[in-house]
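Here is a report on one protein model. Keep the structure in view as you read, and find each element as it is named.

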Amino acid sequence: MRPISASAPSTPKPTPRTSWLPFVLGALACTLLGYSLGSTSILHSSPIVALALGRKQASTREHQDDEPAYGSPQDFQFAIQELRDTFDKAGDGAEDIVSTDPEDLRIHGFSENDYHPGAPHTVVVYPRSTEDVVKVVKLATKYRMPLTPFSGGTSLEGNYRGHAVGGICIDMSRMDKILDIHEDDSDLVCQPGVGWMEINEMLQKRGIPLFFPLDPGPGATIGGMMSTGCSGTNAVRYGTAKAEWFLNATVVLPSGEVIKTRQRARKSSAGFDVTKLFIGAEGTLGIITEVTIRLAPVLPTTVAVVQFPDVKKATEAVIDVMNRGVGIQCVELCDSQFMRSTNLYGASQRTYPEADSLFFKFQGPTPASLHETARIVNEVVKKYGGTGFELARSEKEARDLWADRKNALYSGLALVAGCRGWSTDVCVPVSKLPDLVYETKKDLQELGLVSTIVGHVGDGNFHALLLFRNDEELAIAREAVHRMVERAIKMEGTCTGEHGVGIGKREYLYAELGEGTVELMRSIKKTIDPLGLFNPGKVSRCRHQVFIGFRF
């Protein structure tokens, strides 16, 4: 064990009182029994009918559930004063922890990354320890204030929007310590505010040949990554946040109780996997204050790029390559518009053919293994019309090639002067990705919208960046995203591959998952958070939207 920061606050032991788990188990049992006896899933019909019915039922039941009873504006002001008094009394300096600065409230209640409706919070609190979070949760309960977690601020589906009545935004960015490194066990203990890039940079500087393989956008932090169930370009090799990369978590529940979801052993069959209860929950069940993450060995890599006649041929080539069992760490589909935008953006050291392309990142223990993988892949892609196969000749060239792929957002905006971009994602079985991409591109062309498409083609996940210049085009883009999600669900896919649900995708959960599954989630939510205080800004009054972020 190697302590990293002696000043890092200690984590309190789990509260030694009656656990909430029996109540959750009871809720699960009752829900499952009721479902098996009498529930009829909406997904017994076709996916498109299911989507339509889901939206209609969501609308007709909008007012069937009582809205949680929140405090008054006067209550919220009392809460702010008590927050200040609490941290002043502890000698922590409330002026550094409790903020009502208008700009601070705006930054935490809105986002430049998306175009979903937002609302400012009443106060922002910057805890530095699990004990601080407990204090905030207890005051939120006392004054019935909504409580929304915030960390890196990079989410794309309105995941940290404020509630209409206001509330507390709990910003975890100051809980950014790496607490322990267990190199022999290939794991690391950290607080939720540390970024994945900072972790990997620290490991590299210390000469530790390990890394954390989940790689969403720059600026993403461990707490937010766990809460949204993220992944990234490495998912084809290492999987997603649900693939045992988060071994355990310390969580503050809405009751103020502190739990640790499991021990640090690499595997366990002891009861429910409570850690996964909080992966993808988006702060609706608890506030994550400490996490143990698995690390993977760093292996040599290199990068190659190849062009294809169309997306269908490129995807068929990927399926064949993946079935060869060669060392593929990443494989990214970039459409012709993306390649054009990369040339226009001007940051690249090269000029690319403006054709549908694949970027491969090969992985292997030796240079010889990398060259063997490249040889096999080159042979395979030729069968599907692949041309111009180019393998990086040095580590620098490999980094430059991959940087061109990672600059997707900024290069995409170069296509239309003065535009803004709506970024979204869906995911389908890999074999259905060509049809989804083709139908989406056709739809966008008919609408007159310029867009780029970048896909984690190895696992069927693709991102679209829809460009618009005014409110009229924004409305068109919004409807185009809706139709894209409809197609994905019809193809046995999901409305969100790795961005989470937030408020941007919540209307689709009922159609995608079915009534029984959503009601089960809702039962768990109501059992753990009976007052409905945790991240309610993502929750409408519709009973089928009460629990929006949770995914097993």
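How many bridges join β13 to strand β16? Three bridges join them, and the two strands run antiparallel. The model is a predicted one. One pair of bridge partners here is Gln 307 and Thr 387, the latter in β16.

**The seven-stranded sheet**

β13 and β16 belong to an open sheet of seven strands. The order is β16-β13-β15-β14-β18-β19-β17, and the pairing is antiparallel. Which strands stand at the edges? They are β16 and β17, the latter covering residues 420-427. Each of these two pairs on one side only. On average, neighbouring strands of this sheet are turned by 15° against each other, with direction ignored.

Now go back to β13, which spans residues 301-307. This strand is mostly covered, with six of its seven residues buried. Besides β16, strand β13 pairs with β15, residues 357-363. That pairing is antiparallel and has seven bridges. Within it, Val 303 has Lys 361 of β15 as its bridge partner.

At the other end of the order, β17 pairs with β19, residues 461-468. These two strands are antiparallel and share eight bridges. Gly 421 is matched with Leu 467 of β19.

A helix also belongs in this picture. Helix α12, residues 367-383, lies across β13, β14, β15 and β16. Its direction is at about 155° to that of β15.

**Strand β11 and its partners**

Is β11 mostly covered or mostly open? Strand β11 takes in residues 287-294, and it is mostly covered: eight of its eight residues are buried. Strand β7, residues 187-190, pairs with β11 over four bridges in the antiparallel sense. Leu 188 has Ile 293 of β11 as its bridge partner. Strand β9, residues 246-252, is joined to β11 by six bridges, and these strands run antiparallel as well. Here Ala 249 is matched with Val 291 of β11.

The table collects some of the strand pairs, each with a bridge pair.

| Strands | Bridges | A bridge pair |
|---|---|---|
| β7 and β11 | four | Leu 188 and Ile 293 |
| β9 and β11 | six | Ala 249 and Val 291 |
| β13 and β15 | seven | Val 303 and Lys 361 |
| β13 and β16 | three | Gln 307 and Thr 387 |
| β17 and β19 | eight | Gly 421 and Leu 467 |

**The four-stranded sheet**

Another open sheet has four strands, in the order β2-β3-β5-β4. Its pairing is mixed. Why is one side of β2 and of β4 left without a neighbour in the sheet? β2 (98-99) and β4 (147-150) stand at the edges, and each has a single partner strand, so one side of each has no neighbour there. β2 pairs with β3, residues 123-125, over two bridges in the antiparallel sense. Ser 99 is matched with Val 124 of β3. Helix α4, residues 102-109, packs on this sheet and touches β2, β3, β4 and β5. The direction of α4 makes about 80° with that of β3.

**Two packed helices**

Two packed helices are described by the angle between their axes and the distance between the axes. Take α15, residues 433-447, and α16, residues 471-490. They pack at an angle of about 160°, and their axes are 10 Å apart. That angle is over the cut-off of 145 degrees, so α15 is roughly antiparallel to α16. Their crossing is right-handed.

Which residues make the contact? From α15 they include Leu 436, Asp 443 and Leu 447. From α16 they include Ile 476, Arg 483 and Met 484. The residues of this contact divide into seven nonpolar, one polar and four charged.

**Two residues with positive phi**

Glu 282 is not a glycine, yet it has a positive phi of about 55°. This residue sits in the loop between α9 and β11. Is Glu 282 buried or exposed? Its relative accessibility is 4%, so Glu 282 counts as buried.

Asn 535 is not a glycine either, and its phi is positive, at about 50°. Asn 535 lies in the segment after α18, which covers 515-528. With 1% relative accessibility, Asn 535 counts as buried, because buried means under 20%.

Technical notes:
Residues numbered from 1 in each chain as written. Predicted model: local features only at pLDDT ≥ 70, side-chain atom pairs only at ≥ 80, totals over all residues. Heavy atoms only, no water. Buried < 20%, exposed > 50% of the residue type's maximum accessible area, 1.4 Å probe, protein only. Pairing = 2+ DSSP bridges. Contact = heavy atoms within 4.5 Å. Axes fitted to C-alpha atoms, helices over the stretch in contact; angles between N-to-C directions. Parallel < 35°, antiparallel > 145°, perpendicular 65-115°, else oblique. Left-handed = near helix turned anticlockwise from the far one by under 90°. Nonpolar A, V, L, I, M, F, W, Y, C, P; charged D, E, K, R; others polar.
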